2 protein chains.
Amino acid sequence: MNREEALQKVKSHLTEHRYVHTCGVMETAIQLAKKFGADEKKAELAAIFHDYAKFRNKDEMKTIIIEEKLSSDLLKFNSELWHAPVGAILVQREVGIEDQEVLDAIRYHTSGREQMTTLEKVIYLADYIEPNRQFPGVEEVRELSNTSLDKGIIKALQNTMTFLMKKNQGIYPDTFRFYNELILDSRR
Amino acid sequence: MNREEALQKVKSHLTEHRYVHTCGVMETAIQLAKKFGADEKKAELAAIFHDYAKFRNKDEMKTIIIEEKLSSDLLKFNSELWHAPVGAILVQREVGIEDQEVLDAIRYHTSGREQMTTLEKVIYLADYIEPNRQFPGVEEVRELSNTSLDKGIIKALQNTMTFLMKKNQGIYPDTFRFYNELILDSRR
């Protein structure tokens with residue numbers, strides 16, 4: 001599937017705003033993949049489909065989480081997390097993508113997890129820093145990302161976790177473990 | 001052991017500053033125990049000895065962590081965490097306190113953990129809000145603690161975790177799980 005076909009397939013599942021974001025993630029993911037040594041074609045494909053399930057309704061996502069026996073933790077935490085693992089399942093089921101590396105990059109693009117591959121990190125970070133993103137702290141993450149994937153992600157995780165705590169929300173365990181792993185690695 | 005004997009025993013293990021802090025924790029812990037239904041005598045005893053191991057040298061604490069097979073996670077994270085579990089062991093060994101509820105309140109007073117007892121929460125919070133403490137955010141925690149142990153602790157945990165992230169430090173897993181448990185409980 002080439003870029004045009006992939007963009008065509010995802011477009012009807014997104015709002016215009018989200019489609020523009022997706023194109024930004026795609027461009028950024030390709031640049032990061034090139035810089036940090038991930039497969040550029042896989043980065044492009046994962047980026048295009050990373051938000052495929054973003055606008056599914058919650059009941060449908062909940063049913064998939066239960067039927068596919070995804071972590072029951074998901075249902076306890078913010079439903080914003082659901083579209084990533086559900087998206088990986090639907091992209092395989094409905095679009096026919098079978099590449100597990102691409103599917104995992106979609107699956108973990110919101111929560112992160114321990115032992116992220118470079119491709120997974122690229123999608124995680126591209127989603128955060130693509131040029132249409134405008135929120136406090138994003139510029140600092142962009143700058144860090146010029147030299148280090150991990151340093152950019154650490155700052156993004158700190159921003160995200162601080163934001164969640166300010167809103168009195170829980171922090172998904174995979175996210176927290178991802179942060180600790182990167183921080184402890186950075187101090188070695 | 002009455003209060004005077006206990007204070008006498010702990011005093012030589014602390015600096016003057018830390019002894020004053022300990023007396024503040026004791027007074028606050030008794031008040032919180034009374035308000036939220038923990039055993040006041042146990043709260044007094046745990047408070048008096050909560051920092052018993054604070055000034056042991058790191059090598060001694062490390063040896064105890066290894067010999068007593070405490071969580072190996074401890075050694076990966078900030079050594080500020082060590083005096084609490086090591087303190088519980090030394091208070092039993094050297095002072096002869098055998099009350100497991102008191103020892104657990106000492107053991108978890110810095111990290112917290114899931115399923116904290118009311119006594120453990122009382123010591124955790126008293127350590128944070130005792131009158132000699134002066135740092136940004138402490139007053140808000142004091143106010144919340146007037147009506148709810150858990151709300152005070154949630155804010156204290158948010159402050160602590162935000163502070164650790166600003167210093168690019170890891171967050172001890174028990175601390176993070178303690179936070180998530182309280183936050184998820186508070187939303188039920």
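1. Let's start with the biggest opening: the largest pocket in this predicted model has a volume of about 1,300 Å³. Helix 2 (16-36), helix 8 (118-129) and helix 10 (149-166) of chain A, along with helix 10 (149-166) of chain B, are the elements that each give two or more residues to its lining.

2. If you would like to find this pocket on screen, its lining counts 44 residues. Those nearest the centre are A:Tyr128, A:Asn159, A:Thr160, A:Phe163 and A:Leu164. Helix 10 of chain A supplies the largest share of the lining, with eight residues.

3. As for the chemistry of the wall, the lining of the largest pocket divides into 13 nonpolar, 18 polar and 13 charged residues.

4. Next comes the second largest pocket, with a volume of about 1,200 Å³. Which residues lie closest to its centre? They are B:Tyr128, B:Asn159, B:Thr160, B:Phe163 and B:Leu164, out of 38 that line the pocket. Here the elements giving two or more residues to the lining are helix 8 (118-129) and helix 10 of chain B, plus helix 10 of chain A.

5. Within the lining of the second largest pocket, helix 10 of chain B makes the largest contribution, eight residues. Sorted by class, this lining holds twelve nonpolar, 14 polar and twelve charged residues.

6. One thing to keep in view as you look at both sites: helix 10 of chain A and helix 10 of chain B are among the elements lining the largest pocket, and helix 10 of each of these chains is also listed for the second largest pocket.

Conventions:
Residues numbered from 1 in each chain as written. Chains lettered and ligands numbered in written order. Predicted model: local features only at pLDDT ≥ 70, side-chain atom pairs only at ≥ 80, totals over all residues. Heavy atoms only, no water. 1 Å grid on protein atoms, 1.4 Å probe; cavity = no way out; pocket = protein on both sides within 12 Å on 5 of 7 lines; lining within 4 Å. Points joined across faces, edges and corners; volume = space filled by probe spheres on them. Helix = DSSP H or I, 4+ residues; strand = E, 2+ residues; numbered from the N terminus. Nonpolar A, V, L, I, M, F, W, Y, C, P; charged D, E, K, R; others polar.
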